[in-house]
Every structure is written in structure tokens, then in C-alpha cells.
Amino acid sequence: MGTKLSFLECGYKKGRPMITAKLSFNNVSRYFEFQIDTGADFSLISKYHALILGLKLSNAEIVQMELADCSNINVWKSELKITIADSEFLIPIMITDAHVDPLMGRKGIFDKFDVTFKERDQKTI
């Protein structure tokens, strides 16, 4: 039942692993550069990015999300279609009022493929 993703090599930016992926909602799609965060449970985008996709936050559930420093923030919880390489699937995604760069967490994504970080070469495979 698992999705087989094709081989993809991604680079680093400012010493952090990055990946470009397409997010889609209804008939709107946009490419975003995500920081890959193996410590994050969920992917996170800003309200600005959600509005670009036409996501209606008034319909989204508001939940508390715990950050790495153990503090909590309120976020909208939704689901979006993501395309990585040639594979397309739904992921849970959190949306914040804060201005943040897109962050790719594990839920709905990391179970679909193996990830190798080559820190020395600044590559993610």
C-alpha cells in the first residue's frame, strides 16, 4: 500500500537540509522550499502561504502545537496534497500566524521513503 518515491537528491541552504515540493489545495498549486526537520512531527506553513493556496482557515480546526523549546502555540490544523518527485499524497499540515519558512515534518511524509543526510557533502538523499 505504501507509495514508492523515486530517487531525489536535495541540497542544503545555510547549513540546513532543504527540499522543493508542491503543495496543492483544490485547483491551486504552488512550489515551496521546505526546511527538512526530522525532529518535527508535523509540517508547518504560515497563514500567508495557506492563503496563497486558497485554504479557508475559518473551516480549519485550531489546536495547540508544542515547539522544540516545550512552549505551545495555537495553530490551524488542515490537510494538503503534497507532490515530491513524481509522488503525490495527502499530509497533515499546521498553519501559524507567525511569519515562518515552510518546515517539513515527519507525519505523512517520512513513512513513504528512506532519508539519508550526507552532512559532509551538504546533501539529502
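Two strands count as paired when DSSP finds at least two bridges between them. With that in mind, open this predicted model and colour it by confidence.

**Confidence**

The protein chain has a mean pLDDT of 88, with 93% of its residues at 70 or more. Select residues 1–6: pLDDT is below 50 there, and the stretch makes 10 contacts in the model beyond near neighbours in sequence.

**Strands β4 and β7**

Select β4, residues 43–46, together with β7, residues 87–96. The two strands run parallel and are joined by 4 bridges. To locate one of these, pick Ser43, whose bridge partner in β7 is Ile93. Now show the side chains of β4. Ser43 and Ile45 point one way, while Leu44 and Ser46 point the other way. All of these residues are buried.

**The largest nonpolar core**

Ile45 leads into the next stop. The largest nonpolar core has 24 residues, and Ile45 is among those that touch the most other members, along with Leu23, Phe34, Ile82, Ile84, Met104 and Ile109. To see where this core draws its residues from, select β2 (16–25), β3 (28–36), β6 (72–84) and β7, the elements that give two or more residues to it.

A second core, separate from this one, has 7 residues; Leu44 is one of them, and Ala40, Val63 and Val75 are also included.

Return to Ile82 and display its surroundings. Leaving out residues up to four places away in sequence, Ile82 touches Ala21, Lys22 and Leu23, then Ser87, Glu88, Phe89 and Ile91, and finally Met104 and Ile109.

**Phe89 and its ring**

From the contacts of Ile82, move to Phe89. The charged end of Lys112 sits over the Phe89 ring, 4.9 Å from the ring centre. Do not look for aromatic pairs elsewhere: a search of the whole structure finds 0.

**Two loop residues with positive phi**

Select the loop between β2 and β3 and find Asn26. Asn26 is not a glycine, yet its phi is positive, at about 55 degrees. Is Asn26 buried or exposed? Its relative accessible area is 65%, so Asn26 counts as exposed.

The last selection is the loop between β5 (61–66) and β6, where Cys70 lies. Cys70 also has a positive phi without being a glycine, here about 70 degrees. Is Cys70 buried or exposed? Cys70 is exposed, because its relative accessibility is 56% and the cut-off for exposed is over 50%.

Key: Residues numbered from 1 in each chain as written. Predicted model: local features only at pLDDT ≥ 70, side-chain atom pairs only at ≥ 80, totals over all residues. Heavy atoms only, no water. Phe/Tyr/Trp six-rings, centres within 6.5 Å; stacked < 30°, edge-to-face > 60°. Lys NZ or Arg CZ within 6 Å of the ring centre and 35° of its normal. Buried < 20%, exposed > 50% of the residue type's maximum accessible area, 1.4 Å probe, protein only. Core = buried A, V, L, I, M, F, W, Y, C linked by side-chain atoms within 4.5 Å. Contact = heavy atoms within 4.5 Å. pLDDT = per-residue confidence, 0-100.
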